[in-house]
Amino acid sequence: MKKLLKKTSLSLALVATLSSFAAADSILQGSILEVKDDTKTIVIDTVYSGPVEVKVLPSTRIELDDCGWFGTDNIFDDGDFYDLKVGRHAEVKGYISNTNEMPRASKIEVKCHKQAY
């Protein structure tokens, strides 16, 4: 009986955590694996959970970090969808309104510097 009660409480805690995560803003970070121009989505190889496909909306703000000479290129201008390149590191702030839905990006910060590997 104790095992059943413990499993039930752990399951309820997991469901509560996932549902609160789904409604809240979240941050994904990792390398861009794929850029899908036709659907305006990108696939991020996230640090913790593997590849995740993210929808880039027309209202998504794209910031370029450490781009150009001395990292000062586009310091006052936002980037656009075509600045999202395979291999670049990205930090995506987004939201999920439903657990069965693809995450949508509200802001993407693209790191233009080279990575270690």
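**Glu-63, Phe-81 and the nonpolar core**

Author: In this predicted model, the side chains of Glu-63 and Arg-61 make a polar contact at 3.3 Å.

Reader: What makes this a polar contact?

Author: The cut-off for such a pair of N or O atoms is within 3.5 Å, and the Glu-63 to Arg-61 pair lies at 3.3 Å, so it counts.

Reader: Why is Glu-63 called buried?

Author: Buried means under 20% relative accessible area. Glu-63, which is in strand β3, has 19%, so it is called buried. Its contacts, leaving aside residues up to four places away in sequence, are Asp-78, Lys-107, Ile-108, Glu-109 and Val-110.

Reader: What makes the pair of Phe-81 and Tyr-82 edge-to-face?

Author: Ring centres must lie within 6.5 Å, and planes over 60 degrees apart count as edge-to-face. Phe-81 and Tyr-82 are 5.7 Å apart centre to centre with 90° between the planes, so both conditions are met. A search of the whole structure finds one aromatic pair.

Reader: How do you know that Phe-81 is buried?

Author: Its relative accessible area is 10%, and the cut-off is under 20%, so Phe-81 is buried. The charged end of Lys-40 sits over the ring of Phe-81, 4.9 Å from its centre.

Reader: Which residues have the most contacts inside the largest nonpolar core?

Author: They are Ile-42, Ile-44, Val-54, Val-56, Leu-84, Val-92 and Ile-108, in a core of 16 residues. Strands β1, β2, β3, β4 and β5 each supply at least two residues, and β3 gives the most, with five. Among the residues that Ile-42 touches are Phe-81, Leu-84 and Ile-108.

Note on methods
Residues are numbered from 1 along each chain as its sequence is written. This is a predicted model: local features need pLDDT of at least 70, side-chain atom pairs count only at pLDDT 80 or more; totals for chains, interfaces and linings use all residues. Side-chain values use heavy atoms; hydrogens and water are left out. Rings of Phe, Tyr and Trp (its six-membered ring) pair if their centres lie within 6.5 Å; planes under 30 degrees apart count as stacked, over 60 as edge-to-face and the rest as tilted. Buried means under 20% relative accessible area, exposed over 50%, partly exposed in between (1.4 Å probe, protein chains only). A charge sits over a ring if NZ of Lys or CZ of Arg is within 6 Å of the ring centre and within 35 degrees of the ring normal. A nonpolar core is a set of buried Ala, Val, Leu, Ile, Met, Phe, Trp, Tyr and Cys residues joined through side-chain atoms within 4.5 Å. Helices (H or I, at least four residues) and strands (E, at least two) are DSSP runs, numbered from the N terminus. Contact means heavy atoms within 4.5 Å. A polar contact is a pair of N or O atoms within 3.5 Å; within protein, one must be able to donate a hydrogen and the other to accept it, and residues adjacent in sequence count only if both atoms are side-chain atoms.
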